[in-house]
Amino acid sequence: MSTTPGSDMSTTSGGEPKRVTQRGLYFEEFEIETVYEHRPGRTVTEADNVVFTTLTMNTQALHLDAAFAAEQPGFGGERLVNSMFTLSTIVGLSVSQLTQGTLVANLGFSEIAFPKPLFHGDTLYAETVCTGKRESKSRPGEGVVSLRHIGKNQHGDVVAIAQRSTLVRKKP
């Protein structure tokens, strides 16, 4: 491997550029108590909320009916973003950094909470803390990784928290 002075491009001894393929972390690469910040965030639009809500057959008026939502106390007259969209998005924001190509399966979610509402126009940011890991007892070459996903809006308010258990490949 050589690097030309003044160049940021590394090359192999054959002159070909070094290639890096984006992927998630293998089991061995997860570090307990490490906070993985997922950027960029995702600004949530009215269209996102309406499409997700109607695709999932959720008829909750707080998501779809502006006139109804405007009459409800506590939300400043705004429609709420569907909490399942919020949960799906914080997990989705983590994929390219943590599990792209290395995840075998989602094993389950627990301790899901939505401490504050999310509204149209809010930007959702996610971070994940690895809370534990162990080698799989029944599946050689794989391990169970416990993740705590946290979603925050642009003001830093926590809008979603979820504990997730995953099955992840070990290094080949």
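Buried means under 20% relative accessible area, exposed means over 50%, and partly exposed lies in between, with a 1.4 Å probe and protein chains only. The model is predicted, so local features need pLDDT of at least 70, side-chain atom pairs count only at pLDDT 80 or more, and totals for chains, interfaces and linings use all residues. Residues are numbered from 1 along each chain as its sequence is written, and side-chain values use heavy atoms, with hydrogens and water left out.

**Exercise 1. Salt bridges**

Take the salt bridges formed by D48, R148 and R139, and give the partner and the exposure of each side chain.

*Solution.*
Step 1. Fix the criterion: a side-chain nitrogen of Lys or Arg within 4 Å of a carboxyl oxygen of Asp or Glu. Side chains of opposite charge can pair when their charged atoms come close. Searching the whole structure gives seven salt bridges.

Step 2. Start with D48. Its partner is R42, with the closest N and O atoms 2.7 Å apart. D48 is buried at 16% relative accessible area. R42 is partly exposed at 32%.

Step 3. Move to R148. It pairs with E111, and the closest N and O atoms are 3.6 Å apart. R148 sits in strand β6 (residues 142-152) and E111 in strand β4 (residues 103-113), so this pair ties together parts that are 37 residues apart in sequence. Strands here are DSSP runs of E, at least two residues long, and helices are runs of H or I, at least four long, numbered from the N terminus. R148 is partly exposed at 26% relative accessibility, whereas E111 is exposed at 58%.

Step 4. Finish with R139. It meets E142 at 2.5 Å, N to O. R139 is partly exposed at 39% relative accessibility. E142 is buried at 13%.

**Exercise 2. The nonpolar cores**

Describe the largest nonpolar core and state which elements supply at least two of its residues.

*Solution.*
Step 1. Define the object: a nonpolar core is a set of buried Ala, Val, Leu, Ile, Met, Phe, Trp, Tyr and Cys residues joined through side-chain atoms within 4.5 Å. In soluble globular proteins, nonpolar side chains tend to be buried together.

Step 2. Describe the core. The largest one has 13 residues, and V44, V81, F85, I90, L118 and L124 have the most contacts inside it. At least two residues come from each of α4 (83-98), β5 (123-135) and β7 (158-169). The top contributor is α4, with four residues.

Step 3. Inspect I90. Contact means heavy atoms within 4.5 Å. Beyond residues up to four places away in sequence, I90 touches L124, A126, H149, I150, G151 and A160.

Step 4. Look for a separate core. A second one has nine residues, including F27, Y36, L98 and V168.

**Exercise 3. Two buried residues**

Which residues are in contact with T166 and with L25, beyond neighbours within four places in sequence?

*Solution.*
Step 1. Place T166. It belongs to strand β7 and is buried at 0% relative accessibility. Its contacts are L103, A105, N106, L107, G143, V144, V145 and L147.

Step 2. Place L25. This residue is in the loop between β2 and β3. At 16% relative accessibility, L25 is buried. Its contacts are F30, Y36, Q97, L98, T99, T102 and V168.

Step 3. Compare sequence with space. L25 and K170 are 145 residues apart in sequence, yet 9.0 Å apart from C-alpha to C-alpha.

**Exercise 4. Backbone geometry**

Which peptide bond is cis at P40, and what is phi at E33 and at E111?

*Solution.*
Step 1. Recall the background. Most residues other than glycine have a negative phi, and most peptide bonds are trans.

Step 2. Check P40. The bond from R39 to P40 is cis, with omega near 5 degrees. P40 is in strand β3 (residues 35-43).

Step 3. Check E33. Its phi is positive, about 70 degrees, although E33 is not a glycine. E33 lies in the loop between β2 (10-11) and β3, and is exposed at 68% relative accessible area.

Step 4. Check E111. Its phi is also positive, near 50 degrees. E111 lies in strand β4.
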